[in-house]
Amino acid sequence: MKKVFSIASTCAMFIIACSSLSSCNNDDFVNPTKTNGLPSAFFSTKEDVVSLSYQNNQLIQSKKKDGSSKEISYEKGKMKISYNPPSDVADGHGCRTFEQKDANTIQISSNFEPSPETQIEEITLNEWQRPLKITVLGWFQQTDKGLVKIREINNYALFTYDATGKHLTKIEQFDSKNNLIKKTTLEYDNANGTTSGIKFPTWFPDYWCYINASGIDNVSIQFLNHYNNVTAIAVNNIQEGSSQTFQYQYTYNKDNYPTEITSNIGNPQIIKIQY
């Protein structure tokens, strides 16, 4: 019997909110968890705010004031992430699902408007249930005979971890001819992770880094902070002949959890973290 896990691009969680922590606390839009490692919001301005909601420490919603949201539902061991656009935008609905095919294989299906096509990827897991390899199988289209492949891709990525198996340290991405096209390396601190209290499937933070490796923003990297916190990400784009290093500095609370992040690159460059 297949199990379906979905993570949603929990993309959902790419968040921006309030100009001051006290103003966020007084804003009904944000529901503080008051639990370290379980962020209720990341913010840099008061109006561009997104809040997170949980049930039993599982993320169930991410929403912004413009009406856009990600809704995560759990039913009989299944998870589904639905993406809803801003209130004044027609297109932009989408879904990303993760279906466990066997003990070490997860299939990912992604659909986003206005495209009628579905991208399918496959994760091969290692002994820690973390991604060992992710392969883009291609683009598919729904027909009366089911999904039919309309475009072959077969690009893939290989993942490397530290000796403990906790920290993703390197992602190498290859084209279908086995040419290395991008290499990403990561470094961490020893503090408690920003999102360490969220119940993610073990492989999700690494997948999230993989799909955002071409342009890691300063909010999305928080979902890599599931054990400790990322302090540097170096991206060498061999295909384009360019390289860039993202550096992150944190302010911590008395329990050694981040409350603010400052980066050398990206937008926004200063983000406050509310639990």
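Buried, in these legends, means under 20% relative accessible area. The model shown in every view is predicted.

**View 1. T118 sits in a strand and has a polar partner in N111.**
Start with T118, which belongs to strand β9, the run covering residues 117-125. Its relative accessibility is 6%, so T118 counts as buried. Look for N111 next: the side chains of T118 and N111 are joined by a polar contact of 2.3 Å. Who else touches T118, once the neighbours within four places in sequence are set aside? The list runs S109, S110, N111, G138, W139, F140 and L147.

**View 2. T185 gives us a second threonine to look at, this one in strand β14.**
Is T185 buried or partly exposed? With a relative accessible area of 30%, T185 is partly exposed. Skipping the neighbours within four places in sequence, T185 is in contact with T169, K170, A232, I233 and A234. You can also pick out T160, which is 25 residues from T185 along the chain. The C-alpha atoms of T185 and T160 are separated by 9.3 Å.

**View 3. E260 and K272 form a salt bridge between two strands.**
Side chains of opposite charge can pair when their charged atoms come close. Here the side chains of E260 and K272 meet at 2.7 Å, taken from N to O. E260 lies in strand β17 (residues 258-263) and K272 in strand β18 (residues 270-274), so this salt bridge ties together parts that are twelve residues apart in sequence. As for K272, its relative accessible area is 27%, which makes it partly exposed.

**View 4. Two more salt bridges pair K149 with E152 and K254 with D255.**
How many salt bridges are there in the whole structure? There are six, and this view picks out two of them. In one, the side chains of K149 and E152 come together at 3.1 Å, N to O. K149 is partly exposed, at 35% relative accessible area. In the other, K254 pairs with D255, and the closest N and O atoms are 3.6 Å apart. K254 has a relative accessibility of 79%, so it counts as exposed. D255 comes in at 36%, so it counts as partly exposed.

**View 5. F200 and F223 make an aromatic pair across distant parts of the chain.**
The structure holds 13 aromatic pairs, and here is one of them. The ring centres of F200 and F223 are 6.2 Å apart and their planes stand at 65 degrees, so the pair is edge-to-face. The two residues are 23 places apart: F200 is in the loop between β14 (180-188) and α2 (204-211), while F223 is in the loop between α2 and β15 (230-237). Both are tucked away: F200 counts as buried at 13% relative accessibility, and F223 is buried with a relative accessible area of 0%. Zoom out a little and you'll find a cluster, in which ring pairs link F42, F200, F204, W208 and F223.

**View 6. Helix α2 is largely enclosed, and it carries a tilted tyrosine pair.**
Why is α2 described as largely enclosed by the rest of the structure? Seven of its eight residues are buried, so that is how the helix is described. The buried ones are F204, P205, D206, Y207, W208, C209 and Y210. Two of them, Y207 and Y210, lie three residues apart in α2, about one turn of the helix. Their rings form a tilted pair, with 6.0 Å from centre to centre and 50 degrees between the planes.

**View 7. C95 and C209 are two buried cysteines.**
How many disulfides does the structure hold? The count is zero. C95 is buried, with a relative accessible area of 14%. C209 is buried as well, and its relative accessible area is 3%.

**View 8. K133 lies over the face of Y156.**
For a last stop, find the ring of Y156 and then K133 over its face. K133 is placed at 4.7 Å from the ring centre.

Terms used
Residues are numbered from 1 along each chain as its sequence is written. This is a predicted model: local features need pLDDT of at least 70, side-chain atom pairs count only at pLDDT 80 or more; totals for chains, interfaces and linings use all residues. Side-chain values use heavy atoms; hydrogens and water are left out. A salt bridge is a side-chain nitrogen of Lys or Arg within 4 Å of a carboxyl oxygen of Asp or Glu. Buried means under 20% relative accessible area, exposed over 50%, partly exposed in between (1.4 Å probe, protein chains only). Helices (H or I, at least four residues) and strands (E, at least two) are DSSP runs, numbered from the N terminus. A polar contact is a pair of N or O atoms within 3.5 Å; within protein, one must be able to donate a hydrogen and the other to accept it, and residues adjacent in sequence count only if both atoms are side-chain atoms. Contact means heavy atoms within 4.5 Å. A disulfide is a pair of cysteine sulfur atoms within 2.5 Å. Rings of Phe, Tyr and Trp (its six-membered ring) pair if their centres lie within 6.5 Å; planes under 30 degrees apart count as stacked, over 60 as edge-to-face and the rest as tilted. A charge sits over a ring if NZ of Lys or CZ of Arg is within 6 Å of the ring centre and within 35 degrees of the ring normal.
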